Amino acid sequence: MRLTRVPGLLFGGDYNPEQWPEEVWAEDVRLMAEAGVTMATVAVFSWSRLEPAQGVYDFGWLDRVLDLLHEHGVSADLATATATPPPWLVRAHPEVMPVDAHGVRLEFGSRQGYCPSSPIFREHTVRLATAIATRYAEHPALAMWHIGNEYADHTLECFCPESARHFRAWLQARYGTVGALNAAWGTSCWGQHYTGFEQIEPPRKAPGPVNPAQLLDWRRFCSDALLELFTAERDALREVTPAVPVTTNFMSILHGLDYWSWAAAEDLVSDDAYPDPADPESHVAVALSYDLMRSLKQRPWLLLESAPSAVSWREVNVPKPPGMMRLHSLQAVAHGADGVMFFQWRQAKYGPEKFHSALLPHGGTATRGWQDTLRLGADLRRLAEVAGTATRAEVALVLGWDSWWGLEAPESMPSNRLRLKELLLAWYAPLHARGIAVDLAPPDRDLSAYRVVIVPNLYLCTAQQAKALASVTGELVVGPFSGVVDESDQVHDGGAPGPLRELLGVAIDEFWPLADGVTQRVRHAGGDVGLARTWAEWPRVVGDAVEVLARYEGGDLDGLPATTRNGNATYLSCLLDDLTPVLDRVLHDVPALDVPLGVEATRRENHLFLLNHTSTPQQVALPQPGRDLLSETDLRGVITLAARDAVVLRIEGDT
Ligand code: GLA
Ligand code: GLA
């Protein structure tokens, strides 16, 4: 299935022609054609140039840009230009600007300055989106719509009176009566009993810790409120151009937005990813987020933004050494991307991003950066046949936003050291090192197709989710501090693991977080000794057939079960430094690829990607002979992958 009507793998980037005199545009499109660029994202921040006064449109310049792009074989990911409202709108309606938790209204002069709940802002975005869609519906360059930009990047929440009204309406729809809300929020604690919805406000800065159930609903509401804003524009576009796919660029694994519900609202998933070149392990975390992107709609996705070299928003912006931009781009394709795009096409002359790298650097076509651009364009053309191919994973990692929000609530947890991204990565990294494909899955999906389902943490677990986990037919692995609370952040009767108790055959008497730097020894049944850090529990076996796989050794927990197994369900009551003994036990039926450390191996149907993320050559034994699409040579046996080099092997016959 193709993402857009553009054939092959998409290649290109954000294009901001309004930052340049028109004379430069001709050179832009000539060089785009030379590099093999097939798509440009345009007009993301162009509202003030497209509508200089209310209802007065200036589309002439964008007409010329789109014509030029089309004449040079470049399609448009055309934005609705609503990522920054124009100054005239902000001055006429200051209330469209967001208010922070201290009640301070933020000022114009950056971007994403809007209250997600502002009806005025919403009305204007829909009007602009409709005007743009009407203008360009038949334009041959139009390939897809790009709504807003990186929702929740600068503005995730707003605490203004309009947001409060919207929050109350959302609560009223969820609970019906204030009595039901009181029960769900547990307002008998700390004297918070409400007698009317009008008494409820967003969780602004309060004297002490805010009710965690209120915070959880606020997180849900904030994700939904931005999604409503997105959906209003999407509906306007669909009315005019029903056949043009709609996306908005995600920000990898983002705490603020429930990407399961967001992905369901768009036609194709796109992501912006900026692994830090200074971090030698960043390719592992980014692979995890790429696998999430592929899993969101269970089909290919698009890397819509990435950096050719340095970014400009870290404390220290380290550039990508030679080969890394190509390698990281191929990595996205290896994980299911059907295109690689960048921020941005031409390096800016001014503004906060003038030092951010670009496909065409300040130094022009004489630079190493431009050579990288040309090389990548050529490589992506060689991989055209990969577009549309699927990835098959036998292992699923479960990720749910409600539970994440509950887990990382400030100021009320047994430990603030449990961070969901780290918990996911602790499982993902060893799977990735074994060349095992991983899907991400929401906790309430049917998981029966997987051989192994790993739940790194499910702090918030509903009865329905527990049922979904019980229907896993393969191996199920559940991490600590799971099944603790229900959908209202209320502790399950009898304590953890609540609705998972029967499935796991254990009850948790007490949480036993470990102080920073403290380790707890664990002895596995086979005799190996491991270490737990950060988190442990005082468990009690309650099932008849529970096997203890490891016990705590020494310290206050001495002799208690650390990991257990009940039928197909393994439970870990602690965070282990080394998960090898657990993984060895559950991965028996899952094919792995034996590759050296730092070499990544992934498959898309009959294409095997081998990526050397190290800075030294690596020997890899090919599982089968095949043709390397990049070097256009036939390979077999043991090959040497040069530092930061890659092979994309087309394997004949077996898929
Ligand atoms: C103080 C407060 C109590 C409770 C405890 C918790 O003693 O008075 O209401 O919050 O702290 O340790
Ligand atoms: C994000 C934004 C872009 C740009 C880049 C810089 O991807 O969408 O507008 O700011 O970051 O890295």
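For the grouping used at the first stop, Ala, Val, Leu, Ile, Met, Phe, Trp, Tyr, Cys and Pro count as nonpolar, Asp, Glu, Lys and Arg as charged, and the others, Gly among them, as polar. The model on screen is a predicted one, and the tour goes from the ligand to the sheet and then to the loops.

**Ligand 2 and its shell**

Select ligand 2 first, together with the residues that surround it: F45, R111, N149, E150, N249, D272, Y274, E305, W313, F343, E353 and H356. Coloured by class, this shell divides into four nonpolar, three polar and five charged residues. With a pocket surface switched on, ligand 2 will be found in the largest pocket.

Next, display the side chains of E150, W313 and D272, each of which has a polar atom to inspect beside the ligand. An N or O atom in the side chain of E150 is 2.9 Å from an oxygen atom of ligand 2, while for W313 a polar side-chain atom lies 2.8 Å from an oxygen atom of the ligand. In the case of D272, the separation between a polar side-chain atom and an oxygen atom of ligand 2 is 3.3 Å. Taken alone, ligand 2 exposes 300 Å², of which the protein buries 97%.

**The nine-stranded sheet**

Now switch to a cartoon view and pick out the open sheet of nine strands, whose order is 5-4-3-2-1-9-8-7-6 and whose pairing is parallel. Its edges are strand 5 (246-247) and strand 6 (249-250), each of which pairs on one side only.

From strand 6, move to strand 7 (residues 270-272), which runs parallel to strand 6 and is joined to it by two bridges. To see how the two are aligned, select F250 and then D271, its bridge partner in strand 7. The end of the range given for strand 7, residue 272, brings the view back to D272 of the ligand shell.

**Backbone geometry in three loops**

Most residues other than glycine have a negative phi, and most peptide bonds are trans. Select A43, which is not a glycine yet has a positive phi of about 75°; A43 lies in the loop between strand 2 (39-42) and helix 2 (47-50).

Then select F343, a member of the ligand shell, and follow its peptide bond to Q344, which is cis with omega near -5°. Q344 belongs to the loop between strand 9 (337-342) and helix 12 (368-382).

Finish at A496 and P497, where a cis peptide bond has an omega of about 0°; the loop that holds P497 runs between strand 13 (475-478) and helix 16 (501-504).

Definitions and conventions. Residues numbered from 1 in each chain as written. Chains lettered and ligands numbered in written order. Predicted model: local features only at pLDDT ≥ 70, side-chain atom pairs only at ≥ 80, totals over all residues. Heavy atoms only, no water. Near = heavy atom within 4 Å. Polar contact = N/O pair within 3.5 Å; in protein donor to acceptor, adjacent residues only side chain to side chain. Areas by Shrake-Rupley, 256 points an atom, 1.4 Å probe, with all protein chains shown as cover. 1 Å grid on protein atoms, 1.4 Å probe; cavity = no way out; pocket = protein on both sides within 12 Å on 5 of 7 lines; lining within 4 Å. Sits in = over half its atoms within 2 Å of the grid points. Pairing = 2+ DSSP bridges. Helix = DSSP H or I, 4+ residues; strand = E, 2+ residues; numbered from the N terminus.
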